[in-house]
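Morning, everyone. I'd like to walk you through one model today. Please have the viewer open.

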Amino acid sequence: MRSVLAEKIHDGQFLRLIDGLLQAGYLEDWRYHRTLSGCPQGGVVSPVLSNIYLDRLDRFIEQTLLPACNRGDRRTPYRPYMRLWQRACRLEKAGDREVGLALRRQMKTMPSRDPGDPAYRRLRYCRYADDWLLGFTGPRQEAEEIKEQIGAFLREELALDLSPAKTLITHGRTQAARFLGYEIVVLHADDKRAWRGHRSINAAIGLKVPVDVIHAKCAPYMHHGRPIRRTERTVNTDFSIVAQFQAEYRGVAEYYRLAFNRHRLGYLKYVMERSLTKTLARKFRITAPQVYRRYRTTLQTEQGPRRGLQVVVERDGGRAPLVAQWGGISLARDITPRPLHDNPPRIWNSHRSELIQRLTADACELCGSGKQVEVHHVRALKDLNPKGRKQQSEWVKRMASHRRKTLVVCRACHKDISYHGCPTRRSR
């Protein structure tokens, strides 16, 4: 990796920083482990380093394998299909339309182009970080040869080995290939026709939501096969509860927007909605039907009005109210490009929301400055008033009045507390 970076980057200080990141080690089950080789998975630089290191693989496939494996402009016509077509045309010209229609129905059960055409091959390549996928049109023997060529290149040029358990050759019509959480299949349905009557989806690539993914997403909201309440969330406000459930469901539904069986996420919606109503019922000591009567509303969506739940929090000063909604997300397949919303609304939960809100205010709680805001901590509130102290500082009074062991201050006030304030830990 370092030699690959050194080819284009000649900054020794930067290369030493990368060396330190590669040798920093990792934590697993709160135990430190040394990095013996490679880059720790989940590190902050691992995706970028993966793209840099595997750039050679990209160039090898795009410049060597793709030109060698792609040949032919189009498959040749399938001879049995063409013989039936010619026979049907002759019968129809002779006036025997019933037999001709029967032959045309038989034609709809076989391919119009030769699937085993030796003069036609196609290879497609896609990579995301360290996950890559090859789509090949051809016999399995040639697919095995391509796999061996890639394995040899990775072993000789990049000192990497293919994982036998993960590097699989899958027939798209009989099995599904897993890639980035999707199942990828080759579609086949003779009864799916275009407006002209031609078969429209045969040999097309389809994306599916895996069944095990749906079960895994439902698992946190179920127990013994039934939806349950999330008791740990009952300490939050109803606004936060609804917003968090909606954010979690929206994340799954939007990720699988390209799947043609996206409607299967309706089961996840049912489970999460039951868990949401049970959580709100537990919080307010009411029943689930009473939760529906209290929060039920009609949501206006692009697909028309939809039933859902809604929590509205009014605000003073003429500001718009805060609104949290559940539902209103269509589960129809959607392949149209959408803008990326990388700054979703924040959801404040208990135990940590107050500190986060104070930090995002980006202002010192003593002088009001917004420069270099930090957090001052004490071990216990009783340390704020040790024996022998008569006069309390302003920061001590502020922390005592808030009954909090944290104080958001600027760098200058923090130094003033550390150097001139009383010690925040008892001397031993």
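What share of the 428 residues in the protein is buried? Buried residues make up 31%. Keep in mind that this is a predicted model.

Some overall numbers. The protein has 14 helices and 14 strands. It exposes about 29100 Å², and carbon and sulfur atoms supply 51% of that area. Now contacts. Take those between residues at least 6 apart in sequence: 59% of them join residues at least 24 apart.

On to the cores. The largest nonpolar core has 34 residues. Tyr 256, Leu 265, Leu 276 and Trp 326 have the most contacts inside it. Which elements give two or more residues to this core? They are helix H8, at 211-218, then H9, H10, H11, E11 and strand E12, at 322-326. H9 makes the largest contribution, with 8 residues.

Pick Leu 276 as an example. Set aside its neighbours within four places in sequence. Leu 276 then contacts Ile 241, Val 242, Phe 245, Leu 309 and Trp 326. There is also a second, separate core, of 16 residues. Tyr 53, Cys 69, Leu 123 and Phe 153 are among its members.

Next, the sheet beside the main helices. E10, E11 and E12 form an open sheet of 3 strands in that order, with antiparallel pairing. E10 and E12 are the edge strands, each with a single partner, so one side of each has no neighbour in the sheet. On average, neighbouring strands here are turned by 50 degrees against each other, direction ignored. E11 and E12 run antiparallel and are joined by 5 bridges. One pair to click on: Gln 310 has Gln 325 in E12 as its bridge partner.

Two helices pack on this sheet. H10 touches E11 and E12, and its direction makes about 130 degrees with that of E12. H11 touches E10 and E11, at about 50 degrees to the direction of E10.

Stay with H11, residues 288-295. Which residues of this helix are buried? Ala 288, Val 291, Tyr 292 and Tyr 295. Viewed down the axis of H11, the buried residues fall within an arc of 100 degrees, so they line one face of the helix. What covers them? The cover includes helix H9 (238-255), helix H10 (266-284), strand E10 (296-301) and strand E11 (304-313).

Now the other sheet I want to show. This open sheet also has 3 strands, in the order E5-E6-E7, with antiparallel pairing. Strand E5 (177-179) and strand E7 (205-208) sit at the edges with a single partner each, so one side of each lacks a neighbour in the sheet. The twist averages 35 degrees from one strand to the next.

Follow the strands along. E5 pairs with E6, residues 182-186, over 3 bridges in the antiparallel sense. Ala 177 has Ile 184 in E6 as its bridge partner. Phe 179 stands opposite Tyr 182 in E6. The two strands make a hairpin with 2 residues between them. Look at Leu 180 in that turn: its phi is positive, about 55 degrees.

On the other side, E6 pairs with E7 over 4 bridges, again antiparallel. Val 186 has Ile 205 in E7 as its bridge partner.

Last point. How many of the 5 residues of E6 are buried? The count is 4, so E6 is largely enclosed by the rest of the structure.

That's my tour. Over to you.

Note on methods: Residues numbered from 1 in each chain as written. Predicted model: local features only at pLDDT ≥ 70, side-chain atom pairs only at ≥ 80, totals over all residues. Heavy atoms only, no water. Pairing = 2+ DSSP bridges. Axes fitted to C-alpha atoms, helices over the stretch in contact; angles between N-to-C directions. Buried < 20%, exposed > 50% of the residue type's maximum accessible area, 1.4 Å probe, protein only. Arc of directions from axis to C-beta. Contact = heavy atoms within 4.5 Å. Areas by Shrake-Rupley, 256 points an atom, 1.4 Å probe, with all protein chains shown as cover. Core = buried A, V, L, I, M, F, W, Y, C linked by side-chain atoms within 4.5 Å.
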